[in-house]
Amino acid sequence: MKLSSHLFALVAAAGVAAAPAAARADGADRKLIERGRYVIKIAGCNDCHTPGYAMSDGKVPEKEWLTGDQLGWRGPWGTTYPPNLRRTMARLSENEWLKLAHNANFRPPMPSPSLRNMSDADLRAVYRYVRSLGPGGGEVPAYVPPDGSPVGPVVMFPAPN
Ligand code: HEC
């Protein structure tokens, strides 16, 4: 058992050594994408940016992840809708994404500090992962100011006293 797995590892290693540069980069990319997937999962981004995720204990097919949500979040700041992050990232280069994330200062309930404090390595991994998902989903409703009427259902936050 042990011997055959060693043999397999040797054969696999020889295969990698002989593989062209592009194929080796693919392996590194896959690792980065997998790390991005992990960061997205543990940072809770799906809770708001994926329809039904928080309510179903995460039982939403990955092809629907991060496509944004029509459910509004209404409070003293107005009503915000978690954008389709696949579209957001498709509009940005990797470096533009880093800049946006480092300066994140979005309206509630977006946890901007979580994004601002993410390491460059994690942010790059997140970018690669989200881009790897490809296009999916549409636009979410536009931000509605406090005196406006939200479109569709909302989660209500209490007004400050
Ligand atoms: C509690 C809900 C919630 C969680 C959790 C959340 N977001 Fe958001 N996010 C929002 C809302 C709502 C907005 C829109 C804010 C606004 O309109 O200013 C937003 C906006 C954004 C934007 C701006 C996108 C654009 O196109 O303008 C980015 C980027 C973003 N979120 C990334 C993330 C990432 C990455 C995570 C996980 C670390 C995350 N969000 C977790 C609710 C959330």
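**Close-up 1. Glu-62 and its salt bridge to Arg-37 in the predicted model.** Glu-62 counts as partly exposed, because its relative accessibility is 27% and the partly exposed class lies between 20% and 50%. Its partner in a salt bridge is Arg-37, with 2.8 Å between the closest N and O atoms. The pair links distant parts of the chain, 25 residues apart: Glu-62 belongs to the loop between H3 and strand E1 (72–75), and Arg-37 to helix H2 (residues 21–43). Arg-37 is also partly exposed, at a relative accessible area of 21%.

**Close-up 2. The salt bridge of Asp-57 and Lys-59.** The two side chains meet at 3.5 Å, N to O. Asp-57 is exposed, with 65% relative accessible area. Lys-59 is exposed as well, with 63%.

**Close-up 3. Arg-124 and Glu-94, a salt bridge between two helices.** The side chains of Arg-124 and Glu-94 come to 2.9 Å, N to O. Arg-124 is in helix H7 (residues 120–133) and Glu-94 in helix H5, so the salt bridge ties together parts 30 residues apart in sequence. Glu-94 is buried, its relative accessible area being 14%, whereas Arg-124 is partly exposed at 29%. Through shared partners, salt bridges join Asp-29, Glu-94, Arg-124 and Arg-128 into one network. The structure as a whole holds 8 salt bridges.

**Close-up 4. The ligand in the largest pocket.** The shell around the ligand consists of 21 residues, and the closest are Cys-45, Cys-48, His-49, Thr-88 and Met-110. By class, 15 residues of the shell are nonpolar, 4 are polar and 2 are charged. Three helices, H3 (45–49), H4 (85–91) and H5 (94–102), each supply at least two residues of this shell.

**Close-up 5. Polar contacts of the ligand with His-49, Thr-88 and Arg-107.** At His-49, an N or O atom of the side chain is 2.8 Å from a nitrogen atom of the ligand. At Thr-88, the side chain has an N or O atom 2.7 Å from an oxygen atom of the ligand. At Arg-107 the partner is a polar backbone atom, which is 3.0 Å from an oxygen atom of the ligand. His-49 and Thr-88 are among the residues closest to the ligand.

Note on methods: Residues numbered from 1 in each chain as written. Predicted model: local features only at pLDDT ≥ 70, side-chain atom pairs only at ≥ 80, totals over all residues. Heavy atoms only, no water. Near = heavy atom within 4 Å. Polar contact = N/O pair within 3.5 Å; in protein donor to acceptor, adjacent residues only side chain to side chain. 1 Å grid on protein atoms, 1.4 Å probe; cavity = no way out; pocket = protein on both sides within 12 Å on 5 of 7 lines; lining within 4 Å. Sits in = over half its atoms within 2 Å of the grid points. Helix = DSSP H or I, 4+ residues; strand = E, 2+ residues; numbered from the N terminus. Nonpolar A, V, L, I, M, F, W, Y, C, P; charged D, E, K, R; others polar. Salt bridge = Lys/Arg side-chain N within 4 Å of Asp/Glu carboxyl O. Buried < 20%, exposed > 50% of the residue type's maximum accessible area, 1.4 Å probe, protein only.
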